[in-house]
Amino acid sequence: VGSEMCIRDRFHYSPDRKAEHPRRHLHGWQGILQADAYAGFNELYAPDRQPGPVTEAGCWAHARRKFFDLAELGRAPLAVEAVRQIDVLFAIERDLTGLPAEERLAQRQQRSALRLTELEAWMREARAKLSRHADVARAMDYMLTRWESFARFLGDGVSIRRVPRVT
């Protein structure tokens, strides 16, 4: 279970987006990295990485923004619904702010787990009816192809919206 003591935001400037930068910045570190789907992090997640793999946790703020931008344009009712469902999870998280990690974890299991299962089922069903070229389909694919990383918060007490930026 995570604790507030282990949460850190980190930013490293890099002149480009080469994978060598996160590899160097996070050399020797292992833990949970909550970030966007930047491909430069991929080798950090390798099971044979030393001293151990970094565990990917999807950043809900990045995922939500993809839907929010579409919803704001008023062109995608499915995006509006995705934002609504994600915002329910965010509201739960706001209620849990300040709780010890163990209590936050228990509350997530009680309050968020079913919501997350329902969101995934809804998203998979809606996605199956969309063209792969639809903007909202791409936003859904961003989450669905990384669903395990987005669900990771259910097994830990860390925030779903904290975004360490390591580039």
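**Figure 1. Order of helices and strands along the chain.** Read along the sequence, this predicted model runs β-α-β-β-α-α-α-α-α-β. That pattern holds six helices and four strands. The chain has 167 residues, and 43% of them count as buried. Its exposed surface comes to about 9400 Å², with 52% supplied by carbon and sulfur atoms. Take the contacts in the chain with a separation of 6 or more: residues 24 or more positions apart account for 60% of them.

**Figure 2. Helix α4 and its bend.** Helix α4 spans residues 101–128. The helix bends by about 50° at S112. Its buried residues include A101, R104, L105 and R108 in the part before S112. S112 itself is on the list, as are A113, L116, L119, W122, M123, A126 and R127. Arginines therefore appear among the buried residues, under the 20% relative accessible area that defines the class. Four helices pack against the buried residues of α4: α2 (60–73), α3 (77–96), α5 (135–144) and α6 (147–151).

**Figure 3. Close-up of S112.** S112 lies in helix α4. Is this serine buried or exposed? S112 is buried, because its relative accessible area is 0%, and the cut-off for buried is under 20%. Leaving out residues up to four places away in sequence, S112 touches L89, I92, Q107, F153 and L154. L89 and I92 also belong to the α3 side of the contact between α3 and α4. The bend of about 50° in α4 is at this residue.

**Figure 4. Packing of α3 on α4.** The axes of α3 and α4 cross at roughly 175° and come within 10 Å. Angles over 145 degrees count as roughly antiparallel, so α3 is roughly antiparallel to α4. From α3, the contact is made by L78, E81, A82, Q85, I86, V88, L89, I92, E93, D95 and L96. From α4, the partners are R104, Q107, R108, R111, S112, R115, L116, E118, L119, W122 and A126.

**Figure 5. Packing of α4 on α5.** At what angle do α4 and α5 pack? The angle is about 135°, and the axes lie 10 Å apart. The two helices are therefore oblique to each other. Their crossing is left-handed. W122, M123, R124, A126 and R127 of α4 make the contact with A137, M140, D141, M143 and L144 of α5. W122 and A126 of α4 also take part in the contact with α3.

**Figure 6. Close-up of A71.** A71 sits in helix α2. Its relative accessibility is 18%, so A71 counts as buried; the cut-off is under 20%. Which residues does A71 touch, not counting those up to four places away in sequence? They are A79, V80 and V83. V136 is 65 residues from A71 along the chain, yet the C-alpha atoms of the pair are separated by 9.3 Å.

**Figure 7. The peptide bond from Q50 to P51.** The bond from Q50 to P51 is cis. Its omega is near 15°. Most peptide bonds are trans. P51 is in the loop between β2 (32–35) and β3 (55–58).

Methods
Residues numbered from 1 in each chain as written. Predicted model: local features only at pLDDT ≥ 70, side-chain atom pairs only at ≥ 80, totals over all residues. Heavy atoms only, no water. Bend = angle between axes of the 7 residues up to and from the residue. Buried < 20%, exposed > 50% of the residue type's maximum accessible area, 1.4 Å probe, protein only. Contact = heavy atoms within 4.5 Å. Areas by Shrake-Rupley, 256 points an atom, 1.4 Å probe, with all protein chains shown as cover. Axes fitted to C-alpha atoms, helices over the stretch in contact; angles between N-to-C directions. Parallel < 35°, antiparallel > 145°, perpendicular 65-115°, else oblique. Left-handed = near helix turned anticlockwise from the far one by under 90°.
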